[in-house]
Each structure stands twice: as structure tokens, then as C-alpha cells.
Amino acid sequence: MALCYSTKLVILLLGGSLLLGYGVIELQASHHVQNATTLDQSLISADQPYRTAYHFQPVQNWMNDPCGPVIYKGIYHLFYQYNPIGNGSPDGPRVWGHSTSFDMVNWSPQPLILEPQMVSNMNGSYSGSITIIQGYIPAILFTGITPQNEQVQDLAFPKDISDPYLKEWVLVPENPVMSPTLENNINASSFRDPTTAWRLSDGNWRVLIGSKIDRLGLALLFRSMDFINWVQADEPLYSYDQTGMWECPDFFPVYINGFPIGVDTSAIGPTVKHVLKVSLDDTKRDIYAIGTYDTTKDAYIPDAGFLNDSSLRYDYGKYYASKTFYDNLKMQRILLSWINESSTVEDDIKKGWSGIHAIPRRVWLDKSRKQLIQWPIAEIERLRVNPVILPTQVIKGGSTIEIPRITAAQADVEISFRVRDMPIIERFDASWTNPQLLCSQKGPTVSGGLGPFGLLTLASTGLEEYTAVFFRIFKAYDTNKFIVLMCSDQSRSSLNPTPDKTTYGTFVNVDPIREGLSLRVLIDHSIVESFANKGKNVITARVYPTLAIYDKTRLYAFNYGVNNVDITWLTAWSMRKANIA
Ligand code: DQQ
């Protein structure tokens, strides 16, 4: 008697080798929706000043979350939430777009996958993750949307695991492998985004699914021996009240030694701590905790005692639905994220696309063990050309310095500052607990004692438009301790009144006198990604200048504070274009 695909899979997973492709029930639908690789020129206006040169985006249409990033047979795979219809509008079904790369900088498009092919994903395929099982078989767990718009979890395997490009995937007939039921008290509209699974010594795989009950955010835990039969644990791995729906959870270990190296998702023991990240649907923030994974109870204990809206964030600007994976080739943990537009849907439809991804970031635990450090992958530096190095110099209070001879709309800039303790430093009012609000009240033109100083990016020649990224230093009344505010101010970024120009801000935990202050800013036409002090804090902004486009764009260092500041290092590179689709 012929065994069905998944029955064989279970037997083989339990018993040893796996013969994928043999006797498989053919479920893969033909690629009937428009492929992400074909550009419909009639939908795209010729003038595209906001398309990026080295930040990932498909050639057209709507993209959101990164899904299932993995390295397989030496090739990096990026899948992403893609709406193949509707131009730049989100309205439409989701399938997974797919691109491959050898360096995570230059990408080649591959056919779409996970198109509707069975009841359990008939209305779309939402976010999910890849786990390598048995050491060599990639498995996708993702959220399928049923004809009743219920969220369920589905499983898919490559049709041919010898294909390093993993072009075709097969859904198992047992789908859905996890479902909301009356018994498990899961709401069918709040049950999505499986993590990469990890396995403990009891042989069970574990996976988290984002959920909520009323305002209680939940990281539901499921276990399985064979990756097909999943049983929900009695308790979630972690939950926190008044946080709403938890989307796209991510759970991974980080070495405690402070070295910038990553570790496999299943690693446990005294050399690691664990990070739990969730994406808060209510506030569109990616928050995370550093903590302890109690493997005997399958429970997570954040060091800070909680994971909620006031927790640490990967990025204090626009950065949502992020996901990490372990790159075992380079022993690094890589963080990817969706960066939504700040423009109106009408403008997105006009330009024919919406959504880009951040530059992949390497993440590791800071020596303090209290936060993560994030830094753009080293490979991005291969795009740098024609460095402009400015000598160490004083930037006087109230002045700007133009950084000449670079493609300022497409650049990578590093600047370091030395500041001295001065008599005229603004005092910090203890009621200023909201850095974002403080940045919007004390914008780049509001002079202080030390600061604002930083960069005016995507600036027009007459400074009618610019996106300011800067520091402002305060002193506490009581302790005389320094408080460093980092801001990304979009309020003057465009003469177009319609985009969202929210100002972003964060406090940087640094002693500015002893350690100095630095910025690295990746500028790419409509995105400004700013890293403070070697990756301690990050702010990403989307902006749409009307004058500061292409070669009309300028870049300045500025200091609009009263006191002078030293620039100890300034190197700016023009960036070459990458293959980004
Ligand atoms: N996007 C996906 C969901 C996820 C949300 C749908 C987060 O799976 O919860 O496109 O942006």
C-alpha cells in the first residue's frame, strides 16, 4: 500500500533518512499570480526618487515582514510577505516572495511560494519561519488563512532538498498542524507567526506562536517529536497583560561573553542568555527582553521582570515584524526587518510599491548583559566607494560643515564627536521620561548648551529640506550625571505635507565625556538608518524629499548648540547600487 507523503515523513523523521520527493502527493500549485520578478512598467512611474539602491525591496507591489530567513547549502534565502496584486496597496492576499543571495547584499529573485493550494492556506500565507530539522532538511512553519479567515499553522518542505535555491515547496496533507479550538481557548484571529523551532535534550521540538486573550499578549508554546504532530503546552512560554496582540515572536540565545558571535537557536546552558522579542500590534514596536530560559519549566524570565511597551526596542524609529536567524557559515546572528512607508497609501499606489527591508544587522549581547548591540553586516561595506575623509576639527556652535564629493542620497557616513564638560549644559528635568517627545520639543534648530549636533542628511542646497540625526546632552540636577538624547527629526524632511513626519528619539546609555559619541548613518534615498555609539541605539526613518533627490542631495555635519564640539573622525562613502530585488 502506498504511504502518503507525511506518513512517510513521520516514519523517516523518526527512523533516519528522508527521501523527499518520492511518492509525494503533488500539491504545489502553478505560479498563477504575477511573479515578483516581472515588472509591469505601465504601473510604475518613470520617476522613482524613493526607490532604494542598496536596501532590499521587490520590483513592485506591497511587501511586509521578512519570513523564514535561512542559510542553506551556502546560499542565503530571504522570504517575505508579498501582496502580488494591488500595486503598492496592502489590500490583497499574502504569498511568500523569495530571493537568494551569497552575501545578503545582492539578491536574485526566485518564484513566489506558498500560493493558495489547500484549504488551510486558501486565503493567504502569513508570516513564519524556517527550521533545519535532522541537520539538513529545511521546514517552513507558517500561518495559513482558511476560507473562513481563521489563522492556522501549516508545514511545508522543499520539493527537492538537493536544489540549493529551494525554488519549490510542498505543503503536507496533514495541514493545518496547529489549529485554534474551543478546548485550547485560542481566538482564530489571534494565532499567528511561528518562530524558528528549537529542540531540547528530551527530543521535543518547541515553537512559539503569537497570540492574545483580551489585552494579555501571549507567546504560546507548542511541542512536537516529529514536527507534524504538535501539542500545546499548558502554559505559554511568557505572557504580559495590557500589551495586546503579539505578532512575529522571536526567541534565541546569545552568548554572555560580549563577543559579536552568534549561536544556534537550540543552544542552552550557562554560556547563554535568551532574548524574547515580540512585535506589538497596538503600537507597532518591536520590543525585546534579555532573560533566562528555564528549560525545566519551559518558561521565560526577563531580567528586567517584564516585557511590555516600555521594554528595550531594536530600533526607536520605524522597524517592525523583525526576525533573526543563525548564520552558521559566519557564526553570526542576523536580524532582518520590514520598514514600512511613511507615505500615504495613495502615494504608494502611485509609485507602485510599498515596503523595504532594513540592512541586515548582526546582533549580540552587550558586555553589560543588559541590551543587545546591532551593527550592519560587514558585507555592506563592499558597496562603499570614494571615501571622503575630513580632518579632525572643531565644529563651532551654530555652524554647519558640508561633506563634499559624495552621492549624498546614497551614502554611508561615520562621524565621531568629542565633547567637554562645560558650564553651559542644559539641566535635565526628571519629568522628561519620554525621549521621543523631548526630541520633538527640542528639534534640531532649538539651541542647547551641548547640542544639538550631528548630521543633516538628505538635505537640499538651501536647507529647505533635511532629515536631522543628532545628539543633545543634558546634566541631571541632583547627580550631575550626563544624559544623552539621540534624535531623528523628520519634521523638515519634505516639502510634501502628506507623509508622516513623526520625530523619533531615544536615550543613549553612555558617558559622553569619557566614551565620546558617534553616529553611523546609512542613507538610501527614502531611508535613513542611524546607529549611535557602535550599535547601542538605532533609529530608522522613512522620508520623501522633493528637492533633495538624486544628485541634488547634500550632506552636512552641524552643531546648533552654544558650545563647540570636536569632530574626531568623519568618513563618508558614496554607495554603489546593489541588486536588491
Ligand atoms: N504581518 C503578517 C502577519 C503578521 C503581520 C501578515 C505583522 O503574519 O502578524 O502579512 O506585520
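In this predicted model, the side chains of Arg-362 and Gln-332 are joined by a polar contact of 2.9 Å. Arg-362 itself sits in strand 24, which covers residues 361-365, and Gln-332 is one of several residues that it touches beyond its neighbours within four places in sequence. Those contacts also take in Pro-260, Lys-330, Arg-333 and Ile-334, together with Ile-373, Gln-374, Trp-375 and Ile-377. For Ile-373 the separation from Arg-362 can be given in two ways, as 11 residues along the sequence and as 8.1 Å through space from C-alpha to C-alpha. Arg-362 counts as partly exposed because its relative accessibility is 24%, a value that falls between the 20% limit for buried and the 50% limit for exposed.

The UniProt record helps to place this part of the chain. An unreviewed entry there lists residues 55-376 as "domain: Glycosyl hydrolase family 32 N-terminal". In the model this span is 48% strand and 2% helix, and its end C-alpha atoms lie 12 Å apart. The unreviewed entry also places the feature "domain: Glycosyl hydrolase family 32 C-terminal" at residues 381-573. Over residues 381-573 the chain is 49% strand and 6% helix, with 9 Å between the end C-alpha atoms.

The next subject is the ligand and the residues around it. The shell consists of Asn-64, Asp-65, Gln-81, Arg-94, Tyr-126, Ser-127, Arg-192, Asp-193, Glu-247, Tyr-320, Ala-321 and Trp-338, and by class these residues divide into five charged, four nonpolar and three polar. Some of them can be followed down to individual atoms: a polar side-chain atom of Asn-64 lies 2.9 Å from an oxygen atom of the ligand, and a polar side-chain atom of Glu-247 likewise lies 2.9 Å from a ligand oxygen atom. Ser-127, by contrast, is placed through its backbone, where an N or O atom lies 3.1 Å from an oxygen atom of the ligand. Taken alone, the ligand would expose 310 Å², and the protein buries 92% of that area. The elements that give two or more residues to the shell are strand 1 (61-72), strand 5 (125-133) and strand 20 (320-327).

Some details of the backbone also deserve attention, beginning with two cis peptide bonds. One of them joins Asn-175 and Pro-176, with omega at about -5°, and Pro-176 belongs to the loop between strand 8 (169-171) and strand 9 (191-192). The peptide bond from Gly-451 to Pro-452 is also cis, with omega near 10°, but here the proline is found within a strand, namely strand 31, which comprises residues 450-459.

Positive phi values in residues other than glycine provide the last stop. Asn-149 has phi near 60° and is located in the loop that runs between strand 6 (137-145) and strand 7 (151-158). For Asn-533, phi is near 40°, again a positive value in a residue other than glycine, and this asparagine lies in the loop between strand 36 (527-532) and strand 37 (537-542). Although Asn-533 is a loop residue, it counts as buried, because its relative accessibility is 12% and the limit for that class is under 20%.

Definitions and conventions:
Residues are numbered from 1 along each chain as its sequence is written. This is a predicted model: local features need pLDDT of at least 70, side-chain atom pairs count only at pLDDT 80 or more; totals for chains, interfaces and linings use all residues. Side-chain values use heavy atoms; hydrogens and water are left out. A residue is near a molecule or strand if one of its heavy atoms lies within 4 Å of it. A polar contact is a pair of N or O atoms within 3.5 Å; within protein, one must be able to donate a hydrogen and the other to accept it, and residues adjacent in sequence count only if both atoms are side-chain atoms. Accessible areas come from the Shrake-Rupley method with a 1.4 Å probe; for residues, only the protein chains shown count as cover. Helices (H or I, at least four residues) and strands (E, at least two) are DSSP runs, numbered from the N terminus. Ala, Val, Leu, Ile, Met, Phe, Trp, Tyr, Cys and Pro count as nonpolar, Asp, Glu, Lys and Arg as charged, and the others, Gly among them, as polar. UniProt positions are given in the numbering used here, feature names are shortened, and annotations may be inferred rather than shown by experiment. Buried means under 20% relative accessible area, exposed over 50%, partly exposed in between (1.4 Å probe, protein chains only). Contact means heavy atoms within 4.5 Å.
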